[in-house]
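Here are a few worked exercises to go through with the viewer open. Try each task yourself before you read its solution.

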Amino acid sequence: MISANNISVQFGGRSLFERVNVAFTPGNCYGIIGANGAGKSTFLKVLSGDLEPSKGEIHITPGERLSVLKQDHFAYDEYEVVRTVLMGNPRLIEIMEEKDALYSKEDFSEEDGIKAGELEAEFADMDGWNAESDAEFMLNKLGVPDEYHYMKMAELPSDLKVKVLLAQALYGNPDILLLDEPTNHLDLTAISWLENFLLDFENTVIVVSHDRHFLNKVCTHICDVDYGKITLYTGNYDFWYEYTQMRQRQARDQNKKNEQKIKELQDFINRFSANAAKSKQATSRKKQLDALEMIEMPVSSRRFPYVDFKPDRECGNDLLRVDHLTKTIGDRKVLDDISFVIHPREKVAFVGSDVVAKTTLFKIIMGELEPDEGSYKWGVTTSQSYFPSDNSKYFDGVNLSLVDWLRQYSKEQLEADIRSWLGRMLFSGDEALKMANVLSGGERVRCMLCKMMLSGANVLIFDEPTNHLDLESIAALNNGLIRYPETVLFTSHDHQFVETVADRIIEISGDKFIDRKGSYDEFLSTFDEEQLKRY
């Protein structure tokens, strides 16, 4: 068990949370939620011991092993991939190194033999002989192919490094597992495997995630970081949301009743306080008035942007035709003879474990890459707006305030109009004067969404738009795309986002191409149990 006892954290005079007391017990999965900047990742760092709290202490049951999803993608560059995974269990690595050192000795003594026997027994108890195969199995399930398993970490692309570090955190059955955004950069197949892994995991899990479907699937409890405190709720994300919304409605309704009652009592007191015949009644009303209290409604740190895409014109009957597209990157063929037709007002999710294939396809149809073979053609009435998975070229080295940055993409040039659009995306007051090159990941995404809203396009293309967004922003974008009346092409690792937006699913992965009308859950329902393990 791990518990936080009277924990307070302050930065530069600002208090993130105060006097937090919460115990995390085995067999449960705790989802930590809250607005960006509320202190979710900070709380995980306090639990892991990477950050000292301003007050209070963390207690871990003696002898229990704590495992943390590492965020430094370069920390293991000198190690092979499988070795990096095994390092998730430090004692196993220690035994392996001690054994190697003993067996390499030229003067191997009887004492060394006894020690080696003890190590071999402990190694066997930890199922050490299957360690490498277990690590390889986990890597494959998370989407790291065999050919990478014995490469150095430094040779891996960043999206695969993330998966290796997740495998490291999960490896070796830790007693307490701390995961900060484990679904980031995972495809839907890997997320599904992770969900099932955590459902079967018998120890303690504490996870920060912005993926609503993931939180609903795996969490038994929700820890809400808001109002300067951390409140524990039993149930998954949907239960937390419905419960807190109900409590807020009840508080607002009660306050309205109290306001009306206070007015009635005050009117009676004012009218009859000087009347001797009514003085007792006025005194009684005064006591009732003093007893009435308004329910305090603290200001939440949660803020919802307003996302609404409006096309300038409808598109015609011809939208997009893709014919026999083929593309090789390096020595790998990422697109192999891909053909499909997109029809007006379809909302198409592109899924599959090959992130590069989907991004490459989007770059080709947006004119950023040339195919090796094949062609594509947009209808003459279409206009496209594109959200790339990597938006750095729009911000890095751009020495402009947000007002001037957005003005580049707007027909409206007056500062008041530009500020109004930025305000929709939560950049109000002085925040609208921030420099574009210093924005956080989530702020950059909100700026890109604002740029797309201004475009008036009748085809929207999104490559992983939910990365870096908090739950509130994801919900706002989700609802905005549901309302959007024209065509959407998108990729996302957020199950609920795909399920609620898409009416057609195209899977591109390796030599596989599947194209089906219907929702994502309907798409999955067409596979048998063995095939579903891929998703």
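**Exercise 1.** How many bridges join strand β10 to β11, and how do the two strands run?

*Solution.* Start with the ground rules: this is a predicted model, where local features need pLDDT of at least 70, side-chain atom pairs count only at pLDDT 80 or more, and totals for chains, interfaces and linings use all residues. Residues are numbered from 1 along each chain as its sequence is written, and side-chain values use heavy atoms, with hydrogens and water left out.

Step 1: find β10 at residues 320-329; seven bridges join this strand to β11, and the two run antiparallel. Helices (H or I, at least four residues) and strands (E, at least two) are DSSP runs numbered from the N terminus, and two strands pair if DSSP finds at least two bridges between them.

Step 2: check the register, where lysine 327 stands opposite leucine 335 in β11.

**Exercise 2.** Work out the strand order of this open sheet, then place the helix that packs on it.

*Solution.* Step 1: the three strands come in the order β11-β10-β13, with antiparallel pairing. At the edges sit β11 (332-342) and β13 (373-378), each pairing on one side only.

Step 2: on average, neighbouring strands here are turned by 20° against each other, direction ignored. Axes are lines fitted to C-alpha atoms, for helices over the stretch in contact, and angles run from 0 to 180 degrees between N-to-C directions.

Step 3: add helix α11 (residues 355-365), which touches β10, β11 and β13 and makes about 55° with the direction of β11. Contact means heavy atoms within 4.5 Å.

**Exercise 3.** Is leucine 265 buried or exposed, and what does this residue touch?

*Solution.* Step 1: locate leucine 265 in helix α9 (residues 237-272).

Step 2: its relative accessible area is 4%, so leucine 265 is buried (under 20%; exposed is over 50%, partly exposed in between, with a 1.4 Å probe and protein chains only).

Step 3: leaving out residues up to four places away in sequence, leucine 265 touches Arg285, Gln288, Leu289 and Leu292.

Step 4: for scale, its C-alpha atom is separated by 77 Å from that of isoleucine 95, 170 residues apart along the chain.
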